[in-house]
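Let's take a walk through this protein together, one region at a time. Have the sequence and the 3D view open as you read.

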Amino acid sequence: MVSQEIDIHPLSNLFPEMNPVEFLQLKQDIRINGQLEPVLLHPVCKRIIDGKHRSVAVRELGLELKSRVFDGNPDDMFQLVLSMNLKRRHLT
């Protein structure tokens, strides 16, 4: 089953889009290694709070999207998204 597009939560849009080279590298990595990290969904609205680029890459590759619903304290969602993106993408 091919994954379907999932709406993006505003928290996920706090960070800039990947440039085309970064996205192609991500997509190639997923093609070779599979989706290693699930996309994180908001517990109420089920929109993506982390993993919007992974979601697109997986969909373009015709793979099934791995996702999980955030199960922590809702007040910690912002800090989690901030921490995960700053570490992974080397943003400041």
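Which residue just after α2 takes a positive phi? That residue is Gly62, and its phi is about 75°.

## How far to trust the model

Please keep in mind that this is a predicted model. The mean pLDDT of the protein is 87, and 90% of its residues reach 70 or more. Among the elements, α1 has the highest mean pLDDT, at 96. Helix α3, covering residues 77-89, has the lowest, with a mean of 78.

## Where two helices meet

Let's start with helix α1 (residues 20-33) and helix α2 (residues 52-61), which pack with their axes 9 Å apart and at an angle of about 60°. The two helices are therefore oblique to each other. Their crossing is right-handed. From α1, the contact is made by Phe23, Leu26, Lys27, Ile30 and Arg31. From α2, the residues taking part are His53, Arg54, Val56, Ala57, Val58, Glu60 and Leu61. Sorted by class, this contact has 7 nonpolar, 4 charged and 1 polar residues.

If you are looking for a pattern in those numbers, here is a helpful rule: an α-helix has 3.6 residues a turn, so residues three or four places apart point the same way.

## An enclosed helix

Is Ser55 of α2 buried or exposed? Ser55 has a relative accessibility of 2%, so it counts as buried. Leaving aside neighbours within four places in sequence, Ser55 is in contact with Val39, Ile48 and Leu65.

Ser55 has company: Lys52, His53, Arg54, Ala57, Val58 and Leu61 are also buried in α2. In total, 7 of the 10 residues of α2 are buried, so this helix is largely enclosed by the rest of the structure.

## Leading into α2

Gly51 sits in the loop between β2 and α2. With a relative accessibility of 9%, Gly51 counts as buried. The C-alpha atom of Gly51 is 11 Å from that of Asp7, and the two residues are 44 places apart along the chain.

Now look at the loop between β1 (39-41) and β2 (48-50), where you will find Lys46. Although Lys46 is not a glycine, it has a positive phi of about 60°. Its relative accessible area is 40%, which makes Lys46 partly exposed.

## The segment before α1

Which residues does Ser12 contact, apart from its neighbours within four places in sequence? They are Ile48, Ile49 and Lys52. Ser12 itself is found in the segment before α1, and at 6% relative accessibility it counts as buried.

Ser12 also has a distant partner in sequence to look for. Val81 is 69 residues away along the chain, yet the C-alpha atoms of Ser12 and Val81 are separated by 7.4 Å.

## A leucine in α3

Our last stop is Leu80, which lies in helix α3. Leu80 counts as partly exposed, with a relative accessibility of 25%. Not counting residues up to four places away in sequence, Leu80 touches Leu40 and Phe70.

How far apart in space are Leu80 and Glu22, C-alpha to C-alpha? They are 22 Å apart, with their positions 58 residues apart in sequence. When you inspect Leu80, remember that α3 has the lowest mean pLDDT among the elements of the protein.

Technical notes:
Residues numbered from 1 in each chain as written. Predicted model: local features only at pLDDT ≥ 70, side-chain atom pairs only at ≥ 80, totals over all residues. Heavy atoms only, no water. Axes fitted to C-alpha atoms, helices over the stretch in contact; angles between N-to-C directions. Helix = DSSP H or I, 4+ residues; strand = E, 2+ residues; numbered from the N terminus. Parallel < 35°, antiparallel > 145°, perpendicular 65-115°, else oblique. Left-handed = near helix turned anticlockwise from the far one by under 90°. Contact = heavy atoms within 4.5 Å. Nonpolar A, V, L, I, M, F, W, Y, C, P; charged D, E, K, R; others polar. pLDDT = per-residue confidence, 0-100. Buried < 20%, exposed > 50% of the residue type's maximum accessible area, 1.4 Å probe, protein only.
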